[in-house]
Amino acid sequence: MATPKIVLFYVFTPLADPEAVKLWQHTLAESLGLKGRVIVSKDGINATIGGDIFDVKQYVRATKSYAPFKGADIKWSNGEGDDFPRLSVKVRDELVTFGTPDEITVTEDGVQGGGQHLKPGALHKLLDERGEEVVFFDGRNAMEAQIGKFRDAIVPDTDTTRDFIAEIESGKYDDLKDKPVVTYCTGGIRCEVLSVLMKNRGFEEVYQLDGGIVRYGETFGSSGYWDGSLYVFDKRMHVEFGDNVESIGHCVSCDKKTPEFVNCANLECRKQYLRCTDCTDKGLQPDCPGCVEQGIPAEAVAG
Ligand SMILES: [Zn+2]
Ligand SMILES: [Zn+2]
């Protein structure tokens, strides 16, 4: 592959016939030899697609030629080639699975009643004006925040997006309800929904980082409020904004800083945890800390 690229985008817009959009997207991506993941629902599209730059550009042009997707904000990044194992295009109840398909309302203008969108520059302005008062609220799975997050961010205890409702209803975060809260996630889509759910549950001043961490990193590199690496859902596993960026995660074996996630060798578990490449090469700690604590032996050598 000459120049591997990955695009990430979503559009919240009412789709009368998600099945038809799915078939079109599948045919389009397949005909261009692209791989990745596309979710379509009655509320729009969420896609991460990779391939050669020439083919990806054609895919983007065709996708934007469909009027409801015309305004899609496409985030480009460099791939490594074969960044996804396959092409998957599916219709789902929700673009992101919070388990609340009936709680959000989507019009041609997008999700209704969500947090105010802040572009990276506007986020810095808010921080300049309101300072310490502003709280970052991580809208991702807790694991992703192990290698990078906004400074002093609150990281809810979530294994999947489905866990957010219980977290924000738990009372743990009630002291944030009258504070300026900025939600953030990888590309912005999870915050479109999360910020609605938070506002509906009494959080009064909710903002969402427009374009997510990806756009923020493109804008400010490693000079802003972002610390560490960004977890990504393709072969790269993590990306950094600039050279000499250190992960904030630590190897479970030697405690050295590392952004490298590996799968637990226990086939019943397969949970991802941090282990540096040196310790991996030496075959150290093949099981995740949870399994070690429970005394479960490895069934295979970690890879
Ligand atoms: Zn190590
Ligand atoms: Zn495990």
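**Exercise 1. Classify the burial of Cys269 in this predicted model, then place it in its metal site.**

Step 1. Cys269 counts as partly exposed because its relative accessibility is 28%. The model is a predicted one.

Step 2. Look for the metal. Cys269 donates its SG to the zinc ion (ligand 2), together with the SG atoms of Cys264, Cys288 and Cys291. These donors lie 2.2 to 2.4 Å from the ion.

Step 3. Take the angles. The four donor atoms around the zinc ion (ligand 2) subtend 105 to 113 degrees, so the arrangement is tetrahedral. The test used here asks that all angles lie between 85 and 135 degrees.

Step 4. Read the spacing along the chain. For the zinc ion (ligand 2), the donors follow C-x4-C-x18-C-x2-C.

Step 5. Locate two of the donors. Cys269 sits in the loop between β16 (261-263) and β17 (272-274), while Cys291 belongs to helix α8 (residues 289-293). The pair is 22 residues apart and links distant parts of the chain.

Step 6. Check the burial of the partner. Cys291 has a relative accessible area of 5%, so Cys291 is buried.

**Exercise 2. Work out the geometry of the site of the zinc ion (ligand 1), and say which parts of the chain Cys251 and Cys276 tie together.**

Step 1. List the donors. They are the SG atoms of Cys251, Cys254, Cys276 and Cys279, lying 2.3 Å from the zinc ion (ligand 1).

Step 2. Assign the geometry. The angles among the four donor atoms run from 102 to 115 degrees, and the site of the zinc ion (ligand 1) is tetrahedral.

Step 3. Write the motif. The donors of the zinc ion (ligand 1) are spaced C-x2-C-x21-C-x2-C along the chain.

Step 4. Map the pair. Cys251 is in the loop between β15 (238-239) and β16, and Cys276 is in the loop between β17 and α7 (277-281), so they tie together parts 25 residues apart in sequence.

Step 5. Add burial. Cys251 is buried, because its relative accessible area is 2%. Cys276 is buried too, at 2% relative accessibility.

Step 6. Count the disulfides. With a cut-off of 2.5 Å between cysteine sulfur atoms, the count comes to zero.

**Exercise 3. Find the buried side of helix α2 and name what it packs against.**

Step 1. Check the length. Helix α2 (residues 53-64) has 12 residues and reaches 16 Å from first C-alpha to last, close to the 16 Å expected.

Step 2. Pick out the buried residues. In α2 they are Val56, Tyr59, Val60 and Thr63.

Step 3. Test for sidedness. These residues cover an arc of only 95 degrees around the axis, so they lie on the same side of α2.

Step 4. Relate this to helix geometry. An α-helix has 3.6 residues a turn, so residues three or four places apart point the same way.

Step 5. Inspect the other side. There, Phe54 and Arg61 of α2 are exposed.

Step 6. Name the packing partners. The buried residues of α2 pack against β1 (4-12), α1 (18-31), β2 (35-41), β3 (44-52) and β4 (75-78).

**Exercise 4. Describe the surroundings of two strand residues, Tyr10 and Thr183.**

Step 1. Start with Tyr10. It lies in strand β1. Tyr10 is buried because its relative accessible area is 15%.

Step 2. List its contacts, leaving out residues up to four places away in sequence. Tyr10 touches Ile45, Asn46, Lys75, Gly187, Gly188, Ile189 and Glu192.

Step 3. Turn to Thr183. It is found in strand β11 (residues 180-184). At a relative accessible area of 0%, Thr183 is buried.

Step 4. Collect its contacts beyond four places in sequence. Among them are Phe137, Cys191, Leu194, Met198 and Tyr207 for Thr183.

**Exercise 5. Identify where the backbone has a positive phi at Met237 and Gln285, and classify the exposure of each.**

Step 1. Recall the usual sign. Most residues other than glycine have a negative phi.

Step 2. Take Met237. Its phi is positive, about 70 degrees, although Met237 is not a glycine. Met237 is in the loop between β14 (230-231) and β15. Its relative accessibility is 22%, so Met237 counts as partly exposed.

Step 3. Take Gln285. Its phi is near 35 degrees, again positive in a residue other than glycine. Gln285 is in the loop between α7 and α8. At 23% relative accessibility, Gln285 counts as partly exposed.

Notes: Residues are numbered from 1 along each chain as its sequence is written. Chains are lettered from A and ligands numbered from 1 in the order in which they are written. This is a predicted model: local features need pLDDT of at least 70, side-chain atom pairs count only at pLDDT 80 or more; totals for chains, interfaces and linings use all residues. Side-chain values use heavy atoms; hydrogens and water are left out. Helices (H or I, at least four residues) and strands (E, at least two) are DSSP runs, numbered from the N terminus. The expected span of a helix is 1.5 Å times one less than its number of residues. Buried means under 20% relative accessible area, exposed over 50%, partly exposed in between (1.4 Å probe, protein chains only). The arc is that of the directions from the helix axis to the C-beta atoms. Contact means heavy atoms within 4.5 Å. Donors are N, O and S atoms within 2.8 Å of the metal (3.2 Å for Na, K and Ca); water is not among the atoms, so sites may look incomplete. Four donors count as tetrahedral if all angles lie between 85 and 135 degrees; four count as square planar and six as octahedral if opposite donors are over 155 degrees apart and all others between 65 and 115; anything else is irregular.
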